[in-house]
Amino acid sequence: MLRLWLFYFGLWLLLSGYFSDPLLLAFGALSSALVAFVARRVRTSDPGARAVSWRWWSPRAIAYWPWLLWQVVLANLDVAKCIVDPKLPIHPMMIGLRSSQRGEWTRVVYANSITLTPGTVTTDLSGDAIEVHALTRQAADFLLEGGMDRHVSELEGVD
């Protein structure tokens with residue numbers, strides 16, 4: 001539990017940028033301890049949480065994160081190009097997708113990956129049906145091609 005607290009407190013320090021105010025450091029340490037305690041309780045009380053946690057650091061997951069980061073960069077450039085263009089070439093639309101993932105957690109990863117990519121937002125996830133708002137036709141086409149679905153499916157080994 002000490003390692004978990006150190007991780008959370010280190011993350012809190014990194015993200016907050018507060019290094020000298022004793023009161024804020026104390027609040028950060030306490031909130032990190034509370035989060036570590038709750039995370040430990042969830043892990044020991046929910047057998048499914050333990051089964052999922054190892055997958056985040058599997059070789060497949062480690063290969064997925066750089067790919068997702070690159071997709072976020074590309075989507076940022078696409079959205080920035082639309083904003084800078086005086087004609088504002090956006091074509092907002094709602095699209096429906098089917099996820100090929102077997103597990104609930106990988107469907108959630110897929111839905112969250114869509115939302116993390118600028119220009120697209122997952123608005124509903126029900127079973128294997130995903131509803132997405134896309135800002136441009138290019139963003140919608142990317143999702144409809146199924147590349148992101150395939151990459152997420154590889155996390156659980158679905159072909």
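This report walks through some strands, helices and side chains of a predicted model.

## The sheet around strand 3

Let's start with strand 3, which spans residues 129–134 and has two faces. Ile130, Val132 and Ala134 make up the covered face, while Ala129, Glu131 and His133 sit on the uncovered one.

Strand 3 has partners in strand 1 and strand 2. Strand 1 (residues 93–98) runs antiparallel to strand 3, and six bridges join the two. If you want a spot to check that pairing, look at methionine 93, which stands opposite alanine 134. That alanine belongs to the covered face of strand 3.

Strand 2 (residues 120–126) is also antiparallel to strand 3, again with six bridges. Here aspartate 124 has glutamate 131 as its bridge partner, and Glu131 is on the uncovered face. Strands 2 and 3 form a hairpin with two residues between them. Keep an eye on glycine 127 in that turn: its phi is positive, at about 65 degrees.

## Helix 6 and its two sides

Helix 6 covers residues 137–145, and Ala139, Ala140 and Leu143 are buried in it. Those three span an arc of only 100 degrees around the axis, so they end up on the same side of helix 6. Gln138 and Glu145 are exposed on the other side.

## A buried serine in helix 7

Is serine 153 buried or exposed? Its relative accessibility is 3%, and buried means under 20%, so serine 153 counts as buried. You'll find serine 153 in helix 7, residues 147–156. Its side chain makes a polar contact of 3.0 Å with the side chain of glutamine 101.

## A nonpolar patch at the surface

Which residues make the nonpolar surface patch of about 460 Å²? They are Met1, Leu34, Phe37, Val38 and Val42. Phenylalanine 37 lies in helix 2, which runs over residues 22–45.

A patch residue needs over 30% relative accessible area. Phenylalanine 37 clears that cut-off because its relative accessible area is 43%, and with that value it is partly exposed.

## Asparagine 76 and threonine 117

Over in helix 4 (residues 59–84) there is asparagine 76. At 40% relative accessibility, asparagine 76 counts as partly exposed, since that class lies between 20% and 50%.

How many residues apart in sequence are asparagine 76 and threonine 117? The separation is 41 residues, yet their C-alpha atoms are 7.7 Å apart in space.

Technical notes. Residues are numbered from 1 along each chain as its sequence is written. This is a predicted model: local features need pLDDT of at least 70, side-chain atom pairs count only at pLDDT 80 or more; totals for chains, interfaces and linings use all residues. Side-chain values use heavy atoms; hydrogens and water are left out. Buried means under 20% relative accessible area, exposed over 50%, partly exposed in between (1.4 Å probe, protein chains only). Helices (H or I, at least four residues) and strands (E, at least two) are DSSP runs, numbered from the N terminus. Two strands pair if DSSP finds at least two bridges between them. Patches are made of residues with over 30% relative accessible area and no salt bridge: like charges are joined within 9 Å, nonpolar side chains (Val, Leu, Ile, Met, Phe, Trp, Tyr) within 5 Å. Accessible areas come from the Shrake-Rupley method with a 1.4 Å probe; for residues, only the protein chains shown count as cover. A salt bridge is a side-chain nitrogen of Lys or Arg within 4 Å of a carboxyl oxygen of Asp or Glu. A polar contact is a pair of N or O atoms within 3.5 Å; within protein, one must be able to donate a hydrogen and the other to accept it, and residues adjacent in sequence count only if both atoms are side-chain atoms. The arc is that of the directions from the helix axis to the C-beta atoms.
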